[in-house]
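The exercises below are meant to be worked through with the sequence and the coordinates open side by side. Each one sets a task, and a solution follows step by step.

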Amino acid sequence: MALEEDVVEKLIEHGWHISFAESCTGGLCCGTLVNVTNASKVLDASFTTYANEAKIKFLGVSADTILKYGVVSEEVAREMARGVAKTAGSEVGVGVTGIAGPGGATAKKPIGMVCFGFCVNGDTVTFTKQFGEIGRNQVRKSSVEFVFNTLKEML
């Protein structure tokens with residue numbers, strides 16, 4: 001069974017819904033879930049919030065958090081996950097923000113750095129992964145794989 005199928009099955013078992021707030025993955029997490037039969041039983045709404053303004057407007061991410069920590073941070077990923085769960089009315093919210101490349105990196109935030117937030121029934125955990133300079137699309141694919149592996153463990 002594919003990871004995403006397992007996640008959908010576990011969500012159905014719990015009677016839960018999931019929503020995604022995606023930046024660098026551009027909707028790939030949501031799209032991967034939608035590949036699964038019965039995805040409509042667990043997904044009502046998700047957001048691709050590429051711009052900072054969209055994160056603030058649709059997810060309730062604090063402009064101060066973005067200013068203080070930067071948009072690629074566990075703090076912003078946490079607020080994205082909580083915000084999307086609240087906005088969509090879902091028990092599970094996932095936030096993803098990172099630097100897929102080839103530009104946008106800094107010494108402290110290199111290409112391939114992606115931050116994740118997972119909110120399950122109000123409890124939120126965050127992670128940062130350093131995928132390295134493996135190419136823009138591979139960073140995005142690796143991020144999606146990390147999301148579904150983490151969801152499988154958490155659920």
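**Exercise 1. Charge distribution and surface**

Task: For this predicted model, determine how far apart the mean positions of the positive and negative charges of the chain lie, and state how much surface the chain exposes.

Solution: Begin with the charges, of which the chain carries 15 positive and 17 negative ones, and take the mean position of each set; the two mean positions are 6 Å apart. Turn next to the surface, where the chain exposes about 7400 Å², and carbon and sulfur atoms supply 49% of that area.

**Exercise 2. Fold and overall dimensions**

Task: Describe the order of helices and strands along the chain, and decide why the radius of gyration agrees or disagrees with that of a compact globule.

Solution: First, count the elements, which gives six helices and five strands. Second, read them along the sequence, and the pattern α-β-α-β-α-α-α-β-β-β-α appears. Third, compare the dimensions: for 155 residues a compact globule would have a radius of gyration near 15 Å, and because the chain has 14 Å, the value agrees with that expectation. Fourth, place the C-alpha atoms in a box along the principal axes, which comes to roughly 45 × 30 × 20 Å. Finally, look at the interior and the contacts: buried residues make up 49% of the 155 residues, while residues 24 or more positions apart account for 61% of the contacts that have a separation of 6 or more.

**Exercise 3. An aromatic cluster**

Task: Classify the ring pair Phe116 and Phe118 and the ring pair Phe127 and Phe146, and say which cluster these residues form.

Solution: As a starting point, a pair of aromatic rings is described by the distance of the centres and the angle of the planes. With centres within 6.5 Å as the criterion for a pair, the count comes to seven aromatic pairs. For Phe116 and Phe118 the centres are 6.5 Å apart and the planes stand at 20 degrees, so this pair is stacked; both of these residues are buried. For Phe127 and Phe146 the centres are 5.6 Å apart and the planes stand at 75 degrees, so that pair is edge-to-face. The pair of Phe127 and Phe146 links distant parts of the chain, since Phe127 belongs to strand S5 (residues 123-130) and Phe146 to helix H6 (residues 136-154), 19 residues apart. Their environments can then be assigned from relative accessibility: Phe127, at 32%, counts as partly exposed, whereas Phe146, at 15%, counts as buried. As a last step, join the residues together: Phe116, Phe118, Phe127 and Phe146 form one aromatic cluster.

**Exercise 4. Backbone details in the loops**

Task: Find which residues a cis peptide bond joins, and examine the phi values of Asn38 and Asn121.

Solution: Start with omega, which is about 5 degrees for the bond between Gly101 and Pro102, a cis peptide bond. Pro102 is located in the loop between S3 and S4, and Gly103 also lies in the loop between strand S3 (92-98) and strand S4 (113-120). Gly103 has a relative accessible area of 45% and is therefore partly exposed, and its C-alpha atom is separated by 9.6 Å from that of Arg136, 33 residues apart along the chain.

Continue with phi. Asn38, in the loop between helix H2 (28-34) and strand S2 (47-48), has phi near 75 degrees, a positive value in a residue other than glycine. Asn121, in the loop between S4 and S5, has phi near 50 degrees, again a positive value in a residue other than glycine. In accessibility, Asn38 counts as partly exposed at 36%, and Asn121 is partly exposed with a relative accessible area of 46%.

**Exercise 5. The surroundings of a serine**

Task: Is Ser142 buried or exposed, and which residues beyond its neighbours within four places in sequence is Ser142 in contact with?

Solution: Locate Ser142 first, in helix H6. Its relative accessible area is 16%, and because buried means under 20%, Ser142 is buried. With neighbours within four places in sequence set aside, Ser142 is in contact with Phe131 and Ile134. To finish, take the C-alpha atoms of Ser142 and Cys24, which are separated by 11 Å although the two residues are 118 residues apart along the chain.

Definitions and conventions. Residues numbered from 1 in each chain as written. Predicted model: local features only at pLDDT ≥ 70, side-chain atom pairs only at ≥ 80, totals over all residues. Heavy atoms only, no water. Helix = DSSP H or I, 4+ residues; strand = E, 2+ residues; numbered from the N terminus. Rg over C-alpha atoms; globule rule 2.2 N^0.38 Å. Buried < 20%, exposed > 50% of the residue type's maximum accessible area, 1.4 Å probe, protein only. Contact = heavy atoms within 4.5 Å. Areas by Shrake-Rupley, 256 points an atom, 1.4 Å probe, with all protein chains shown as cover. Lys, Arg positive; Asp, Glu negative; His and termini not counted. Charge placed at Lys NZ, Arg CZ, Asp CG, Glu CD. Phe/Tyr/Trp six-rings, centres within 6.5 Å; stacked < 30°, edge-to-face > 60°.
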